[in-house]
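Let's take a walk through this structure together, stopping at a few loops and strands along the way. Have the sequence and the 3D view open as you read.

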Amino acid sequence: MPPQPNVPMPNVGVPQPYAQQPSQPQQPYAPSVSSVPGVSGQAMPAQAVPGQSAAPQGQATGQWGGAAVPPMSGVPNGAGNGKNNGHKRNIAAIIIAIVVVVALVAGSVAGFFVWRNWKAGKEETTSQTAKSKSKTKSKTKSKSKDNTKTEESEPKSTMTKAIEVEMVGFSCDYTNSNSWNWVGGAMVSNVIHCWDGDATADSDSSYSSGDSLDGSGEYSFGLWTPALDASKEIHVSMLESGEKEYSEPQVGATYGNNPAVFVFYAVKTKAVGTTPESVHLYAQEVNVETGELSDRIDLKTEEDNLIDYEQGYEYSILAESRDMVAIAKTWHSDESYTTNGDSDTTNVDHTQVMGVTRGKDTAQVLQTFQDKIAVTADSNGYQSMKKTDISVNSTDVSDTYLVEDDTYHLYSVDNNKQIISFPTNYCNPKNSWSCDVYHVWSLGDNQYVVDDQVIDSSTGKVQSLHDLLGLSKDEHIEAKDQFVDGTMYVQTDDYDNNEGRRVFLMGSDLSPTEVLDGSQWARLLLTDGKFMGINYLTKTIYVQTTDEQIIVNAQGESVGNYTLLPVYDDPADCDHTQMEWMMWNKKSDGSNSIIVTIGQAPGDPAPDLPTDSSNSADSSDKSDSDSDSDSSSSSSKKSGSSKSSGDSKSSKSSKSEK
C-alpha cells in the first residue's frame, strides 16, 4: 500500500539519479511535477526558500490538491521596518509556514513516486533473476531426465498404463509384417528384407531383386515391449564398407517390463589382395524408445575362418534370461588322431555360448564345447577311436540351455554354471539307449519336469510324473503347460474312455490337485467337447462342453464364457512363468489383428490377476533390480526363456506333445 499523501518521507532511499548532491543547500527535495515519473499535465508552484522571494514579482496563484493558495503580492524583498513591522513579520511567518508546508507536501509526493519507481525497478530485477533461475533449473532438470533416459543399466519397473495394445503392421518389398511372436519379453514381427533401404515404400527395382541375400543388408522388423505404448518399426543396416551379407538378422530379447532387445547378424568381409573372405558375427542393442541401434558388439569368430564352408560358421539364439541373451556359435574342424601307428583325421563339431547384456559393449564368453575324441585299446592292444558327439540346444525354461554328450547337462545363462546333470537314459534306466528331451519345465525348489519325469536337481532323484499324479502307465498325458505362478497344468486324454479326460495342477511340493474329476468331465465333454488350453495369467482353463464355451478356474468353478482364445504359445517360444502379457489373434474383415493384453480378451476389462504369484509384477520388478545379487541362485528359479535353435531342436519340437 502506498504511503498517505500527508505523511512526508524525507528518509526514503532514492537511487543515485535522484539523490541530493552535497553542494546543494539543505532543503526539501521537490522536483517539478513534470519531472516526476507517472505524473503529467499538472503544474506545481515554484518552491519558496527562506531568505528568498516566495514568488516572482507580481501576483501568482498556485494550487495543490485543488486548494487555493493565497496571493503573495505586496511582500517586499528583505525584512521590513516601521509600524507595520509586526504585521509584516506575521505575514512573513505565514508565508514561510505556507512555503514550508508546500515544500514538505511536494517532497512527499516526489518521494512517493521515486520510491514507487525504485520498488518497481527492484521487482523487475527480482523477476528477471527469478526467471533466470527458473530457466536454469528447468535446464538442469531436463538434462537429468535425458541422463536417466539413456542410462538403461537398470530396467524400468513400471508397466505401461495400457492394458491392451494392437500391433501395427508395415510392408517392405511387397512383404508384410504379418507374423508376430514372443521373443523373450518382447513382441517381434517377421524380419523383412528391404532392397532399397526404405522400409516404408516399395519400388519396382526392389521387387525384381528376388534374392533375400542380394547384398543390400537393409532389413526391418516390428517391435513392441511393455515399455512402449505402441509397436514400432525398427530398421537395420547391416553392412559397412567392404562387407557383404552372410545371414539375415535375428532378434533376441530379455524378459521383464523393459526387456533389452538385440539384433544379431553375420557378415563376410570382401577378399582383398591375397586375404580371402571371412565371416564375422555382430550384435547391436536396440533403443526401444528411439529405434536407434548401438555400436556393434563383436561376437568374435575364429581369425582364420573361411567362407568356403570348410568350417561352416553358423549361429542361433540359444536362451534368454532377465539379464542376458545367449547365442550359440557353431563351426567344425578336422582333428588328427593316431591309432595303431596310423594317423587319420575326423570332423569335430564346436559350439561356443556367448552372452550379451544391456548397456555393455562387449560380449561375454560363457562356455565352449566340442566333440570328444578318445583312443581306446582292447585286451589285445588293438586301438580304436571313439568320438562322443556333443549338441547344445534350447529349453523351455528361461535362463537355461541343455548340453548333451554322454550325459545331459542343464546350464544357467546368468550364473554360467551347471544346474543339473542326468543320464541320457533318464526316462527308463533299464534301457541302454538315450531318451530324447522334448520339453523342460521348472517347478522351483530344485524340481525340473523333463518330459514325463520329475528330476530333483539337488539330489538327482528321478520320479515318474505318472506316479506322482496317480496315473497308470497307459494313460496318455496329452498336454502340459505352466501358469505364471509356476503351477504345472497337466491334461490327460483317453480317447477310448471319456472318464480318462482329466486335469491336474501341481506345484513345487509335487502334490497334485485334480480339477473336477474324470466322470464329471466325461458328462460335460462327451464326444463333442474338449479342453481348449489355458490362460496362464488368470490361471483359468478354456473348455468347450457339449453346449457352451466356458472358463473354469483352478477350483473347478465356471467363472464365465469365452468367444476368443489366446494364441497358443509353444513352450519353446516363451516361458509363461516370466510373462506379464499374452497374445491374441482377433480376425476381422478378413485380416488378422495381433493384440496383446494383460490377460483379458481384447475389449474386455482388465482381470484381477493372482496375487500369490512368485513371478507377479512386483516380484519381477524386484528381479530386474536384484538380478546381479541373486545370480548365484537364479539357476533354481525361472528367470528367462529360450528360443528353439537349429534344425535338430525344430525336429524335436515337431514331435513334441501339445
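Start at the loop between strand 22 (391-394) and strand 23 (400-404), where you'll find Asp399. This is a predicted model, and in it Asp399 has a positive phi near 70° even though Asp399 isn't a glycine. That's worth a second look, because most residues other than glycine have a negative phi. Is Asp399 buried or exposed? Its relative accessible area is 0%, so Asp399 counts as buried, the cut-off being under 20%.

Now hop over to the loop between strand 26 (440-444) and strand 27 (447-450), home of Asp445. Here's another non-glycine residue with a positive phi, this time about 50°. Its surroundings tell another story, though: Asp445 has 55% relative accessibility, so it counts as exposed, since that label applies over 50%.

Next, step back along the chain to some strands. Strand 17 (residues 324-339) pairs with strand 16 (residues 314-321) in the antiparallel sense, over six bridges. To get from strand 16 to strand 17, the chain passes through a hairpin with two residues in between. If you want a landmark, look for Ile317, which sits opposite Ile327 of strand 17.

Strand 17 also has a partner in strand 18 (residues 342-357), again antiparallel, and here the pairing runs over 16 bridges. One spot to check is Thr338, whose bridge partner in strand 18 is Ser343. The hairpin of strand 17 and strand 18 has two residues between the strands, and in that hairpin Asn340 takes a positive phi near 50°.

Definitions and conventions. Residues numbered from 1 in each chain as written. Predicted model: local features only at pLDDT ≥ 70, side-chain atom pairs only at ≥ 80, totals over all residues. Heavy atoms only, no water. Pairing = 2+ DSSP bridges. Helix = DSSP H or I, 4+ residues; strand = E, 2+ residues; numbered from the N terminus. Buried < 20%, exposed > 50% of the residue type's maximum accessible area, 1.4 Å probe, protein only.
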